[in-house]
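Trainee: Please take one close look at the charged side chains of this model and at the strands and loops around them. I would like each one placed by its burial and its partners, with every cut-off stated.

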Amino acid sequence: MIVTAASVAALQVGFKKSFQDAFKATRPESDYTKVATTITSNSGSETYGWLGKFPKMREWVGPRVIKNMEGHGYTIVNKDFEGTVGVGRNDIEDDNLGHYTPLMQEMGVSAAQQPDDLTFNLLGKGHETSCFDGQYFFDTDHPSFDKDGNVIVASNIDNSGAVGNPWWYLLDVTRPLKPLIFQERKKPVFVSKTNPETSDHVFTNKEFLYGADSRCNVGYGFWQMAYASNATLNSDNLDKAIETMRSLLDMNGRPLGIKPSLLVVGPKLRSAANKTVKVMLSDGGASNPNYEAVEVLDTPWLAA
């Protein structure tokens, strides 16, 4: 192939289509949408000060009561991400391009899966990463309330399991704001550097560059809507997690109305999760009280 502006432009159109088709085919299958709310960002960062005020209606007697458990200026700073593939000028001249189309497709798949990677990596680090109240997202001493509206501490973690045990997570994903936030500043876009007359890289290295870039980040929502455990995944420990989450109260001593609905596990706990909530009868033949109590999300992004 003779390398001309027209031939390079045609090549770019084909590569871009390969990227976009793979991206569109992959994104609908993403797991992150099940556990994270996507929030559009319009600046370099977003501050979620309102996370300290769990929205809950109350009887209006006297003046309005302003929630008094404030956030800590929780801010999610957008980050830049990129993926780049170099195509040698000689490969274009020699029509040796067959292996580049799959690379562009893989770049599209990678761009589509990036929110999964970021979101579940953050979920897995919840016992060592702070959320809006200054505590780790999964912690034993979150500020909460008792039945009289007094501030107490509450836990959303059970770390009683042996060191090295895989973690499982119970989430309430029934509300508009899910336990995690995927903050999107710029969707992945296909970019290129292909003009030999204006590109120093093309001129110097005989290599045309094609890539994708985006701006986004992830963060935590309400800790009250999530629970982590490395204890054995069975009916008793699931009951404990459900009871703990549903027992949380607001500042008026009323239930927050948390409804655990999704059990999130990695591949190591797939079988245990299905046995705990997907099987009608236990090994002894008794009815399983937690049959279909929650949905199961078995995601490869928690494999580590």
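**Charged side chains and their surroundings**

Mentor: Aspartate 172 is a good place to begin, since this residue counts as buried at 0% relative accessibility, where buried means under 20% relative accessible area, exposed over 50%, and partly exposed in between, with a 1.4 Å probe and only protein chains considered. The model is a predicted one, in which local features need pLDDT of at least 70 and side-chain atom pairs count only at pLDDT 80 or more, while totals for chains, interfaces and linings use all residues. Residues are numbered from 1 along each chain as its sequence is written, and side-chain values rest on heavy atoms, with hydrogens and water left out.

The side chain of aspartate 172 meets that of arginine 175 in a salt bridge, at 3.6 Å from N to O, the term requiring a side-chain nitrogen of Lys or Arg within 4 Å of a carboxyl oxygen of Asp or Glu. Arginine 175, at 23% relative accessibility, is partly exposed, whereas aspartate 172 is buried. Side chains of opposite charge can pair when their charged atoms come close, and 9 salt bridges are found in a search of the whole structure.

Another of these pairs joins lysine 240 to aspartate 158, at 3.3 Å from N to O. This pair links distant parts of the chain, with lysine 240 in helix 5 (residues 235-246) and aspartate 158 in strand 7, 82 residues apart; helices (H or I, at least four residues) and strands (E, at least two) are DSSP runs numbered from the N terminus. Aspartate 158 is buried, with a relative accessible area of 6%, while lysine 240 is partly exposed at 38%. A third pair contrasts with these in its setting: lysine 147 and aspartate 148 form a salt bridge whose closest N and O atoms are 3.6 Å apart, with lysine 147 exposed at 62% and aspartate 148 exposed at 54%.

Strand 7 leads on to the sheet that contains it, an open sheet of 5 strands in the order 7-11-8-12-13 with mixed pairing. Strand 7 (157-158) and strand 13 are its edge strands, each pairing on one side only; two strands pair if DSSP finds at least two bridges between them. Within this sheet, strand 8 (residues 168-171) and strand 11 (residues 226-229) run antiparallel and are joined by 4 bridges, with leucine 171 having alanine 226 in strand 11 as its bridge partner.

Strand 9 (residues 180-193) carries further charged residues, and its pairings can be followed on two sides. Strand 1 (residues 36-40) runs parallel to strand 9 and is joined to it by 5 bridges, with threonine 37 opposite isoleucine 181. Strand 10 (residues 207-220) runs antiparallel to strand 9, with 11 bridges between them, and here lysine 186 has arginine 215 of strand 10 as its bridge partner.

Lysine 186 also belongs to the lining of the second largest cavity, together with Arg27, Gln114, Pro115, Phe182, Glu184, Lys187, Pro188, Ser214 and Cys216. A cavity is a set of points, on a 1 Å grid over the protein atoms alone, where a 1.4 Å probe fits but cannot get out, and lining residues have an atom within 4 Å of a point. The structure holds 2 cavities of 30 Å³ or more, and the second largest encloses about 30 Å³, a volume being the space filled by probe spheres set on the points, which are joined across faces, edges and corners. Helix 3 (100-124), strand 9 and strand 10 each supply at least two lining residues, and strand 9 gives the most, with 5.

Two charged residues in loops deserve a separate remark on backbone geometry. Lysine 206, in the loop between helix 4 (200-205) and strand 10, has a positive phi of about 55° although it is not a glycine, and is partly exposed at 42%. Glutamate 292 likewise has a positive phi, of about 60°, without being a glycine; this residue lies in the loop between helix 6 and strand 13 and is exposed at 55%. The loop between helix 6 (270-277) and strand 13 (295-298) also holds methionine 280, which is exposed at 52%.

Methods. On a 1 Å grid over the protein atoms alone, a cavity is a set of points where a 1.4 Å probe fits but cannot get out, and a pocket is an open set with protein on both sides within 12 Å along at least five of seven lines; lining residues have an atom within 4 Å of a point.
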